[in-house]
Amino acid sequence: MAENESASTPYTEDDFYCPICQEVFKTPVRVTACQHVFCRKCFLTAMKESRHHCPLCRGSVTRRERACPERALDLETIMRSFPGNCRSCSERIELYRMRQHYKTCEKYQDEFGTSSTVASFQVSPEPVGNSNGEASTSENAEAYQEENVSPPDQPTFDCPLCEEVNMTRQSLLDHCNSRHRAHIVPVLCPICLSLPWGNPTQLTRNFVSHLNQRHQFDYGDFVNLQLDEETQFQIAIEESFNV
């Protein structure tokens, strides 16, 4: 089946490797303008540096894409049945399982060591109740979190009501409460816009009130923002069976 799939598609194995981390895609996302594809985490990290440009060709990236890039679901589907070769032991294995294979391949670990870019969480895991013996979504997510114990850089935000920039969530909250209490102007909330589910067209009529009601805490303390919405939904379903 895997061999037939690879023969019937115009892709080669190299098409499924991220140009940033040089590993098999993990949750691939696609830039609309240039159609270049990256791992979601790699892309979001690159956006913190380049802000407005594709990491590969310097093409334009929309504000919406910078906050919530579009998943390349077509590639995820193909990766489920497209075989590739382990770069160390040459074992043929479906690409969506390659990162997991690296964790158990002794030859790979002898040659490359344990890489922080090779996370155990996989692209679009199988639904609950799969019978092929693979780890569940929640188990993979836990392993992913264990490997990435260092917290990401704390995000910073610009005040939409004045020229103050590079503030943490708490600094922005304190700043607006002290300087903009009386300012009731429709603006885009920079914190909401930074979240995967942020809507770049949603105006906040009373920004200071919105901050005090919605942003008294960091979402990252309660939600793994590196995981996409579908995966978090699957994790919630699996954990509900354990309650």
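Q: Which elements do the buried residues of H10 pack against?
A: In this predicted model, helix H10 spans residues 207-214, and Phe-207, Val-208, His-210 and Leu-211 are buried in it. These residues cover an arc of only 160° around the axis, which puts them on the same side of H10. The elements that the buried residues of H10 pack against are helix H8 (169-179), strand E6 (187-188), helix H9 (190-194) and strand E7 (203-204).

Q: Why do the buried residues of H10 stand on the same side of the helix?
A: An α-helix has 3.6 residues a turn, so residues three or four places apart point the same way. In H10 the buried residues are Phe-207, Val-208, His-210 and Leu-211. They are on the same side of H10 because the arc they cover around the axis is only 160°.

Q: How many residues does the second, separate core have?
A: The largest nonpolar core of the chain has 30 residues. A second core is separate from it and includes Val-187, Cys-189, Phe-207 and Val-208. Phe-207 and Val-208 are also among the buried residues of H10. The size of this second core is 13 residues.

Q: Which element gives the most to the largest nonpolar core?
A: Residues with the most contacts inside the core of 30 include Phe-16, Phe-43 and Met-98. Two or more residues come from each of E2, helix H2 (40-50), helix H4 (73-79) and helix H5 (98-104). With four residues, the element that gives the most is H2.

Q: Which residues is Phe-43 in contact with, leaving aside its neighbours within four places in sequence?
A: Phe-43 is one of the residues with the most contacts inside the largest nonpolar core. Leaving aside neighbours within four places in sequence, its contacts are Ile-20, Val-29, Val-31, Phe-38, Pro-55, Val-61, Glu-65 and Pro-69.

Q: Which strands stand at the edges of the open sheet?
A: The sheet has three strands in the order E2-E1-E3, with antiparallel pairing. A strand at the edge has a single partner strand, so one side of it is left without a neighbour in the sheet. The edge strands are E2 (37-39) and E3 (70-71).

Q: Which residue in E3 does Val-29 stand opposite?
A: Strand E1 covers residues 28-30 and pairs with E3 in the antiparallel sense over two bridges. In E3, the residue opposite Val-29 is Arg-71.

Q: Is Thr-27 buried or exposed?
A: Thr-27 lies in the loop between helix H1 (2-8) and E1. Its phi is near 55°, a positive value in a residue other than glycine. The relative accessible area of Thr-27 is 4%, and the cut-off for buried is under 20%. Thr-27 is therefore buried.

Q: What is the phi of Arg-58?
A: Arg-58 is found in the loop between H2 and helix H3 (63-67). It is not a glycine, although its phi is positive, at about 65°.

Q: How far apart in space are Pro-83 and Met-98, C-alpha to C-alpha?
A: Pro-83 is found in strand E4 (residues 83-85) and counts as buried because its relative accessibility is 5%. Met-98 is among the residues with the most contacts inside the largest nonpolar core. The two residues are 15 apart in sequence, and their C-alpha to C-alpha distance is 9.2 Å.

Q: What percentage of the residues of the chain count as buried?
A: The chain has 11 helices and seven strands. Its accessible surface comes to about 13700 Å², of which 49% belongs to carbon and sulfur atoms. Of its 243 residues, the part that counts as buried is 42%.

Note on methods
Residues numbered from 1 in each chain as written. Predicted model: local features only at pLDDT ≥ 70, side-chain atom pairs only at ≥ 80, totals over all residues. Heavy atoms only, no water. Buried < 20%, exposed > 50% of the residue type's maximum accessible area, 1.4 Å probe, protein only. Pairing = 2+ DSSP bridges. Areas by Shrake-Rupley, 256 points an atom, 1.4 Å probe, with all protein chains shown as cover. Arc of directions from axis to C-beta. Contact = heavy atoms within 4.5 Å. Core = buried A, V, L, I, M, F, W, Y, C linked by side-chain atoms within 4.5 Å.
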